Amino acid sequence: MPKIKILPADVANKIAAGEVVERPASVVKELLENAIDAESTSIRVEIRAGGKRLIRVSDNGVGMEREDALLALERHATSKVSRIEDLESIHTFGFRGEALASITSVSQFELQTRTAGAIQGTKITVDGGVFRSVEESGCSPGTHISINNLFGNVPARLKFLKTDTTEINHIHKQVMWAALAHPKIHFSLSHNGRSMLDVRACDSHLERAQLVYGKEFADNLIEFAEELPDFKLSGMLGKPDFTKPNREYQLFFMNQRPIRSQMIGAALKEALSATVQKDRHAVALLFLTLEPGTVDVNVHPAKIEVRFRNERSIFSGIVRMIRAVINKEKFIPKIKTNVDSDQTPTKEVETETPSIGTSQRTFIPRPRPETTFSKQQTEKTTEMENQDVDIPNEDVETERKEVQQTTEVTKTVVQPPQQEIPEDAMLKLLDFENVELKTNLFKTYIVAEGQDKVFFIDQHVAAERVLYERFVHQLKADGIPVQGLLLPVTLEVTPQQLGVLKVHNALFDKIGFELEEFGSNTILIRAIPATLPTRIAAQTVTDLLDKLPEQPHTEVEIPEAIDNALITLACRSAVKAGDTLDAKEMINLVRELSEAKLPFNCPHSRPIIIEMGRGELERRFHRK
């Protein structure tokens, strides 16, 4: 058996570098955290060859004296921790004292630093963990670190790095996350001399988001700040119609530290499940603030993952806060025009009705009369043309006049609306007053006019939302009303579906179905929810049997199963696109929708209401 021995310091540092320095972006992250801890107001990052050739981070922070600069390069040297209890009250980012020592062991390292009151600064060079020189240097206040040939002395690590493009993308994310977390600090990033990010100091996270992502992105965010006894949550949520195909724009920060957290991601998904479509992902920048003693940031070498002491409480608190934000806002998508608002119309638009007696051009299509000429007229005309004589053809002119006098103007026939809407059919839509019901388009969309805007309401998804919330309320109260069937509906099922029914028979009872096994692979439907049409009862039961799992639910899964069943039931029971509604039915539907807890999206997360402003119409018609 080989003898146990102590590793040499340079080998130990190179092994430690494998935990802390995964790639160039890891170096940038550690140096950014040190610069932020140094109370910097401006941090500049310069990169060459994706960080393989050069990483330079310069800040204008407090800087270091010579002795502190030398100690900072030693392993486990830190000013943040002196005893184990200090780990429970850390408010800074770097605290282990491993980063600089690890970085110097796998690169050519140069550090220049000077405090504001010192005449001279200090310059230290280290090559592969070996100190080469320590000397005085003239430099600006702050700390300036240059790292050349990262992993140059560890070829095995170097060959695992990706292309320059991939590595600089990872670096860009680190700088961007730091910039979002600290809006009062100016950040800049350049790669091979080309600027990639340059954001000035600003006062708010929303303003910083606009500088990083652009104005259009920021305009689709809703800023909020909520507080519970245990923690604070602030940030920005994207509007429901502003979603992404992946989670790239879901960023979480804990005490201004960018983190990864499955728990926060799950809470966000749970809170937005009713407003974001299943195949899309919300845009969210969330900033969590809590006491350092309630979270462990020491569970990962790179400090990107954390462990919360009371995870369940934080999860439920985040869900409640985000849902409260949703309920306060009007998440109504707006129809936006692509017409440039500055574009001037090519022709003046007449906005006043001409007075009687003025010359008007009637834009009613007229059929072109087909005039029949006799053979003699044709021969006569041809003869005149051959003789090049300009003689009017009196017979043709006379016939043309007769045709014009006898031809009736074809009038455009306007079909009457499908439903007669009484004048002044006023209703209340959400908190919009004086909304007038106008019509129903394609037997699908209810159209209502408000002050300088038009609302389009999908009658099916509106009814689906109303019924879903009614079912939820009924389930919590006396139960969903049931209607017995005079003649039971017979339903043939597969053995697999029959097995699902045996597992979930209590769930069907809970939502208003009375089902009975009747022979081999046959079910009798004896009662159904009162709102469900009998003609679709069999299809609804089949859909539920196909969606429910074959295994029994755990206690955590039971509420989700019931919720999914209620969504299916609401969808099946709701009025469909193509169903005819009279004015009274439309008004009642809009009234009930206005009283719903979440009237902007159906349970499947589809939008219910779309708004178009009068200004958009005027831009479309070049009126402004």
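**View 1. At 54% relative accessibility, Lys215 counts as exposed, and its side chain has a charged partner in Asp219.** Keep in mind that everything you see here comes from a predicted model. Lys215 counts as exposed because its 54% is over the 50% cut-off. What does Lys215 form with Asp219? The two make a salt bridge, and their closest N and O atoms are 2.8 Å apart. Side chains of opposite charge can pair when their charged atoms come close. Both residues belong to helix H8, which covers residues 215-219. They are four residues apart, which is about one turn of the helix. Asp219 has a relative accessible area of 42%, so it is partly exposed.

**View 2. Glu270 and Arg323 meet in a salt bridge between two helices.** Here the N to O distance is 3.4 Å. Glu270 sits in helix H9 (residues 262-271) and Arg323 in helix H10 (residues 311-328), so this pair ties together parts of the chain that are 53 residues apart in sequence. How exposed is each partner? Glu270 is partly exposed, with a relative accessible area of 39%, and Arg323 also counts as partly exposed, at 35%.

**View 3. Lys184 and Asp203 form a salt bridge from one loop to another.** The N to O distance is 4.0 Å. This pair links distant parts of the chain, 19 residues apart. Look for Lys184 in the loop between helix H6 (164-181) and strand S7 (186-191). Asp203 is in the loop between strand S8 (194-199) and helix H7 (205-213). Are these two buried or exposed? Lys184 is exposed, with a relative accessible area of 57%, and Asp203 is exposed too, at 65%. If you feel like hunting for others, the count of salt bridges comes to 23. Some of them join up: Arg44, Glu46 and Arg56 are linked in a network.

**View 4. Phe253 and Phe287 are a stacked aromatic pair.** A pair of aromatic rings is described by the distance of the centres and the angle of the planes. The count of aromatic pairs comes to seven. For Phe253 and Phe287, the numbers are 4.7 Å centre to centre and 10° between the planes. Why does this pair count as stacked? Its planes are 10° apart, and stacked means under 30 degrees, so the pair fits. Along the chain the partners are 34 residues apart: Phe253 is in strand S12 (residues 250-254), while Phe287 is in strand S15 (residues 284-290). Phe253 counts as buried at 1% relative accessibility, and Phe287 counts as buried at 5%.

**View 5. Phe252 lies in strand S12 and is buried.** Its relative accessibility is 9%, so it falls under the 20% cut-off for buried. Which residues does Phe252 touch, leaving out those up to four places away in sequence? Its contacts are Arg257, Pro258, Ile259, Ser261, Ile264, Gly265, Leu268 and Leu286. You can also find Trp177 in this view: the C-alpha atoms of Phe252 and Trp177 are 9.3 Å apart, although 75 residues separate them along the chain.

**View 6. Tyr213, Phe217, Phe242 and Tyr249 are linked into a cluster by ring pairs.** One of these rings, that of Tyr249, has some charged company as well. What sits over the ring of Tyr249? It's the charged end of Lys244, 5.0 Å from the ring centre.

**View 7. Leu441, Phe442 and Tyr445 make a nonpolar patch on the surface.** The patch has an area of about 310 Å². Tyr445 lies in strand S20, which covers residues 445-450. At 34% relative accessibility, Tyr445 counts as partly exposed.

**View 8. Zooming out, the whole protein chain has 18 helices and 25 strands.** How much of the chain is buried? Of its 624 residues, 43% count as buried. The accessible surface comes to about 35900 Å², and 49% of that belongs to carbon and sulfur atoms. Now take the contacts with a separation of 6 or more: 68% of them are between residues 24 or more positions apart.

How values were computed
Residues are numbered from 1 along each chain as its sequence is written. This is a predicted model: local features need pLDDT of at least 70, side-chain atom pairs count only at pLDDT 80 or more; totals for chains, interfaces and linings use all residues. Side-chain values use heavy atoms; hydrogens and water are left out. Rings of Phe, Tyr and Trp (its six-membered ring) pair if their centres lie within 6.5 Å; planes under 30 degrees apart count as stacked, over 60 as edge-to-face and the rest as tilted. Buried means under 20% relative accessible area, exposed over 50%, partly exposed in between (1.4 Å probe, protein chains only). A charge sits over a ring if NZ of Lys or CZ of Arg is within 6 Å of the ring centre and within 35 degrees of the ring normal. Patches are made of residues with over 30% relative accessible area and no salt bridge: like charges are joined within 9 Å, nonpolar side chains (Val, Leu, Ile, Met, Phe, Trp, Tyr) within 5 Å. Accessible areas come from the Shrake-Rupley method with a 1.4 Å probe; for residues, only the protein chains shown count as cover. Contact means heavy atoms within 4.5 Å.
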